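Welcome, and please open your viewer before reading on. Each stop on this tour tells you what to select and what you will find there.

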Amino acid sequence: MLKKSVLIIAVATFIFNACSKVPITGRKQLHLLPESEMVSMGFASYGAFLKENPPAPATDPNAELVKRVGNKLSQSVIKFLAQQKLSSRISGYKWEFNLVNSPEANAWCMPGGKVVVYSGLLPITKDENSLAFVMGHEIAHAVAQHGNERMSQQMSVQAGGMALDMYMSQKPAETRLLYNTAYGIGSQVGVMLPFSRLHEGEADKLGMVFMALAGYDPRPTPDIWKRMAAAGGAKPPEILSTHPSDANRAAEMRKYMSQAMKYYTGTANTTGGK
């Protein structure tokens with residue numbers, strides 16, 4: 001009986017220590033995996049993707065745009081997290097921003113700050129401000145460590161009673177499969193499936209804050225979902241989709257706008273919100 005009680009206390013202590021809070025929103029989340037491992041796997045997946053999908057040359061004006069926006073966002077995020085004493089969230093990050101020529105309206109960010117924007121997204125974002133929101137949204141997924149959270153949930157079931165470090169060392173193929181599943185990476189590396197509705201909504205909020213910190217005005221951004229809706233054609237009802245509906249996402253962003261505007265200076269200055 002005593003051994004069982006000690007085990008329960010040990011497990012409870014481990015879970016408590018594995019909990020953290022998402023910056024800005026303050027939501028508690030469970031992380032069972034070292035983020036350094038997630039970053040390492042992110043670098044590997046990113047490298048594999050670029051081998052199959054060479055980025056647009058630096059002389060491409062759209063590639064330059066993606067890099068310019070990405071650099072503004074990343075520098076603002078670095079400064080903000082340092083001010084909040086949360087730099088450990090992006091420890092080991094090596095920021096990189098690439099445009100890939102593809103008709104898909106998509107973008108994603110791997111752990112470690114590796115970002116890809118597909119050229120098919122640019123006709124929908126239309127301008128630098130809207131692109132900053134979408135890239136800020138994707139960066140938010142990485143900063144909020146949504147992939148670690150999702151993988152932790154999967155691994156806690158998959159690993160069963162096996163210690164996580166033992167599972168990761170003895171079952172590397174299974175660990176990689178869980179990582180791919182957590183990030184929605186299928187047969188084509190880098191094809192990201194949607195996160196949960198909770199994660200998507202949270203990334204919308206953080207994305208608005210990140211763009212505001214970088215000097216981009218978040219007020220026009222809800223309109224991007226109208227353009228997404230127009231470009232997306234028929235979609236399943238929200239209850240059947242992991243993404244919130246376009247209309248609901250726009251509505252939630254408008255509700256959060258007053259909070260996001262606290263971080264907006266109208267310049268590239270990153271003093272943060274209050």
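Start by selecting serine 74, which lies in helix 3, the stretch of residues 61-83. Is this residue buried or exposed? Serine 74 counts as buried, because its relative accessibility is 1%. Show its surroundings too: leaving aside neighbours within four places in sequence, serine 74 is in contact with Trp95 and Phe97.

Before moving on, zoom out for the whole view. What you have open is a predicted model. The protein has 11 helices and 5 strands, and 48% of its 274 residues count as buried. Among contacts with a separation of 6 or more, 71% join residues 24 or more positions apart.

**Helix 3**

Now select helix 3 from end to end. At 1.5 Å a residue, its 23 residues should span 33 Å, and its end C-alpha atoms are indeed 33 Å apart. Colour its buried residues, which include Ala63, Val69, Ser76 and Phe80. What covers the buried residues of helix 3? The cover includes strand 3 (96-100), strand 5 (114-118), helix 5 and helix 9.

Go to the N-terminal end next and select aspartate 60. This residue caps helix 3, with a side-chain oxygen 2.8 Å from the backbone nitrogen of asparagine 62. Then jump to the other side: just after helix 3, lysine 85 takes a positive phi of about 60 degrees. As background, most residues other than glycine have a negative phi.

**From helix 3 to helix 5**

Keep helix 3 on screen and add helix 5, residues 128-143. Two packed helices are described by the angle between their axes and the distance between the axes. Here, helix 3 and helix 5 pack at an angle of about 50 degrees, with their axes 10 Å apart. The two helices are therefore oblique to each other, and their crossing is right-handed. To see where they meet, show side chains on both: the helix 3 residues include Leu65, Val69, Leu73 and Val77, while those of helix 5 include Leu131, Met135, Ile139 and Val143.

Now hide helix 3 and look at helix 5 alone. How many of its residues are buried? The count is 15 of 16, and the helix is mostly covered. Its 16 residues should span 22 Å at 1.5 Å a residue, which agrees with the 22 Å between its end C-alpha atoms. At the start of helix 5, a side-chain oxygen of aspartate 127 reaches to within 3.3 Å of the backbone nitrogen of asparagine 129. Just after the helix, select glutamine 145, where phi is positive at about 55 degrees.

**Around the start of helix 5**

Step back along the chain to lysine 126, in the loop between helix 4 (122-125) and helix 5. Its phi is near 70 degrees, a positive value in a residue other than glycine. Lysine 126 is exposed, with a relative accessible area of 61%.

Move to threonine 125, whose place is in helix 4. Threonine 125 is buried, with a relative accessible area of 1%. Which residues does it touch, not counting those up to four places away in sequence? Threonine 125 touches Ser130, Leu131, Val134, Ile224 and Arg227.

**A loop between strands**

For a short detour, select isoleucine 24, in the loop between strand 1 (19-21) and strand 2 (28-30). Its phi is near 75 degrees, another positive value in a residue other than glycine. Isoleucine 24 is partly exposed, with a relative accessible area of 28%.

**Helix 9 and helix 11**

For the last stop, select helix 9 (residues 197-213) together with helix 11 (residues 246-261). They pack at an angle of about 40 degrees, and their axes are 10 Å apart. That makes helix 9 oblique to helix 11, and the crossing is right-handed. On the helix 9 side, look for Glu200, Asp204 and Met208 among the residues that meet helix 11, whose own contacting residues include Arg249, Met253 and Tyr256.

Finish on lysine 205, which lies in helix 9. Lysine 205 is partly exposed, with a relative accessible area of 30%. Draw a line from its C-alpha atom to that of lysine 255: the two residues are 50 apart along the chain, and these atoms are separated by 10.0 Å.

Note on methods
Residues numbered from 1 in each chain as written. Predicted model: local features only at pLDDT ≥ 70, side-chain atom pairs only at ≥ 80, totals over all residues. Heavy atoms only, no water. Helix = DSSP H or I, 4+ residues; strand = E, 2+ residues; numbered from the N terminus. Expected span 1.5 Å × (residues − 1). Buried < 20%, exposed > 50% of the residue type's maximum accessible area, 1.4 Å probe, protein only. Polar contact = N/O pair within 3.5 Å; in protein donor to acceptor, adjacent residues only side chain to side chain. Axes fitted to C-alpha atoms, helices over the stretch in contact; angles between N-to-C directions. Parallel < 35°, antiparallel > 145°, perpendicular 65-115°, else oblique. Left-handed = near helix turned anticlockwise from the far one by under 90°. Contact = heavy atoms within 4.5 Å.
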